[in-house]
Amino acid sequence: MTSTKTIATAAALVALPSLGLAQEADVTPTNAELGFILTTFMFIVMGVLVFWMAAGFAMLEAGLVRSKNVTMQLTKNMALFSLAAVFYFVIGYNLMYPGDGWAIPGMLGAFSVVSLEPVGLSGAEPDLTYASVGSDFFFQLMFCAATASIVSGALAERIKLWPFLIFVVILTALIYPIQASWKWGGGFLDNAGFLDFAGSTVVHSVGGWAALTGALILGPRIGKYGKDGRVIPIPGSNLALATLGTFILWMGWFGFNGGSQLYMDTAGNVADISRILVNTNAAAAAGAVAALILTQLLYKKPDLTMILNGALAGLVSITAEPLTPTLLSSTFIGAVGGVIVVFAVPFLDRLRIDDVVGAIPVHLFAGIWGTIAVVFTNPDASLITQIYAILVVGVFVVVTSAVAWLILRAALGIRVGEEEEINGLDMAELGMEAYPEFSKG
C-alpha cells in the first residue's frame with residue numbers, strides 16, 4: 001500500500017509540469033490576436049522613430065538660423081510638440097478619425113476626447129483586425145506635430161513666440177485634423193479616389209501652405225533683400241547641427257513611411273514595409289545627389305544647405321507613394337525633388353518671400369510633386385483627382401491659416417520690433433542665449 005501511494009505521488013509530481021504547460025497553452029494568442037499584437041508593436045516602434053524627427057527639426061533649424069536666435073528655435077520646437085500632444089488628444093484625433101461619428105458626413109469629424117482601452121483590455125473587445133487605440137493615436141500624433149515643425153523653420157528669426165504657439169494650437173487641433181480626415185479619416189477626398197500613402201499632401205504640403213501664408217503676412221527679415229532687389233545671404237550658425245538634423249529626419253522617415261503601411265500581420269505586409277524603407281532611402285539619396293551635382297553646375301561649388309534640403313525634398317517626394325515604385329522609379333522621384341529645391345529657393349527669393357530654412361520648397365513644392373508622381377507608379381491613381389485634392393487642401397489651409405495669422409496680428413502682433421530682431425530673439429523674447437560665451441559682453 002505504501003509503495004502504491006509513493007508511486008501515485010511521484011506520478012502526480014511528474015505530471016505537474018505538463019499541467020502547467022497545458023495551462024500556458026490555453027493563453028496562446030490566436031492568429032487574430034497575433035496580428036493585433038504585431039501591428040500594435042509596429043505602431044509603437046515606428047511612432048518612436050517619427051518622434052525622433054522632432055529632434056531632427058530642432059537641430060536643422062538651430063543650425064540654419066543665426067546664433068542669436070538658436071534658443072528661440074529650440075524653445076519653439078519643444079513647445080510646439082508638447083502643445084500638439086495635448087490638443088491632438090483633446091480635439092484633433094477624433095476630428096481626424098471620427099469613425100461613424102461625423103458631425104458633417106465626409107467633411108467634419110467628431111468633437112470628443114480620445115478614449116483608450118482599459119488596462120489589460122479588461123472587459124473590452126478590441127478590433128483585432130487592426131491595432132490598439134493607444135498605439136494608433138501615438139503614431140498619428142507624431143505626424144500632426146511634424147506639420148507644425150515645418151512652419152517653425154520658415155518663419156524663424158522674426159516671429160513672436162506666443163502668437164506662433166497660438167497658431168500651433170489652431171493648426172494641430174483644427175486645421176490639420178480636419179483636412180486629414182478628408183483622406184485618412186474616410187472623408188470626401190478618400191471617396192473621390194485621392195491617394196496619399198504617408199502624407200506628401202496631408203502632412204507636408206499642409207505645413208508648407210501654412211508656412212507660405214505666414215511668411216507672406218509676416219514679411220522678410222531685416223536685411224534679407226536690398227533696395228536694388230539683391231538677395232543678401234544670411235548664413236546659418238552651425239552647419240554641423242543642420243547636417244545632424246537632416247540625418248535624424250532621414251532616419252525618422254523610415255518610421256514615417258514604413259508605419260504608414262498600417263499593418264504588420266502578414267508576411268506580405270512585412271515584405272511591403274521593407275520595400276517602403278528601401279524606396280524611401282533611395283529617394284532621399286537621389287535628392288541629395290541631384291542637389292550636389294546641380295549646385296556644382298550652377299554655382300561652381302556644391303552647396304551643403306541645398307544638399308541637405310535636397311535629401312529632405314527626396315523624402316517628401318516619395319512619401320505620397322513609397323510602396324508601388326521600383327527602386328529606379330523611387331530614385332527618379334527623389335532626384336526630381338532635389339532639383340525642385342535648387343530652383344525653388346532662388347525663385348522664392350525673387351518674389352521676396354523669406355523662408356529661413358527652405359521649408360516651403362521642401363515640404364510644399366516637393367509635396368505637390370510627390371502627390372502628382374503617384375500616377376506614374378500606382379495604376380489606381382488619377383491625375384485629375386490628385387490635382388483636385390492638392391487644390392482643395394491648399395485653398396483650405398491658406399484661407400484658414402490667413403484668417404488665423406491676420407487675427408493674431410491684429411490682436412497681439414506677430415512680429416518682434418526692429419531692435420529686438422536686430423539684437424536677436426534669444427535675448428529679446430527669452431533673455432537666454434544658446435552660445436553666451438561667444439556673445440559680446
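**Figure 1. Surroundings of Tyr176 in the predicted model.** Leaving aside neighbours within four places in sequence, Tyr176 is in contact with nine listed partners, among them the aromatic residues Tyr88, Phe143 and Trp184. The others in contact with Tyr176 are Met96, Cys144, Thr147, Leu171, Val202 and Val203.

**Figure 2. The largest nonpolar core.** This core holds 108 residues, and the members that touch the most other members are Tyr176, Phe256 and Trp405. Helix H4 supplies the largest share of the core, 12 residues. A second core, separate from this one, has 5 residues, including Ile318, Ile333, Trp369 and Ala373. In soluble globular proteins, nonpolar side chains tend to be buried together.

**Figure 3. Helix H4, residues 133-154.** Of the 22 residues in H4, 19 are buried, so the helix is mostly covered. The length of H4 can be checked against its residue count: at 1.5 Å a residue, 22 residues should span 32 Å. The C-alpha atoms at the two ends of H4 lie 33 Å apart, which agrees with that value.

**Figure 4. Thr280 in helix H9.** Thr280 sits within H9, which runs over residues 267-299. Is Thr280 buried or exposed? Thr280 counts as buried because its relative accessibility is 0%, and the cut-off for buried is under 20%. The side chain of Thr280 makes a polar contact of 3.0 Å with the side chain of Asn257. Not counting residues up to four places away in sequence, Thr280 touches Asn257 and also Trp253, Phe254, Leu315, Ile318 and Pro322. One of these, Ile318, is also a member of the second nonpolar core.

**Figure 5. Helix H13 and the residue Gly413.** H13 covers residues 383-411, 29 residues in total. From its first C-alpha to its last, H13 reaches 42 Å, close to the 42 Å expected at 1.5 Å a residue. Gly413 follows H13 and has a positive phi, near 80 degrees.

**Figure 6. The largest pocket.** The space in this pocket is about 790 Å³. Its lining is made up of 30 residues, and those closest to the centre of the pocket are Lys224, Asp303, Thr305, Met306 and Val345. Which elements give two or more residues to the lining? They are helix H10 (304-319) and helix H11 (327-350). H11 gives the most, with 5 residues. Rolling a probe the size of a water molecule over the atoms shows where empty space is left.

Conventions: Residues numbered from 1 in each chain as written. Predicted model: local features only at pLDDT ≥ 70, side-chain atom pairs only at ≥ 80, totals over all residues. Heavy atoms only, no water. Helix = DSSP H or I, 4+ residues; strand = E, 2+ residues; numbered from the N terminus. Buried < 20%, exposed > 50% of the residue type's maximum accessible area, 1.4 Å probe, protein only. Polar contact = N/O pair within 3.5 Å; in protein donor to acceptor, adjacent residues only side chain to side chain. Contact = heavy atoms within 4.5 Å. Expected span 1.5 Å × (residues − 1). Core = buried A, V, L, I, M, F, W, Y, C linked by side-chain atoms within 4.5 Å. 1 Å grid on protein atoms, 1.4 Å probe; cavity = no way out; pocket = protein on both sides within 12 Å on 5 of 7 lines; lining within 4 Å. Points joined across faces, edges and corners; volume = space filled by probe spheres on them.
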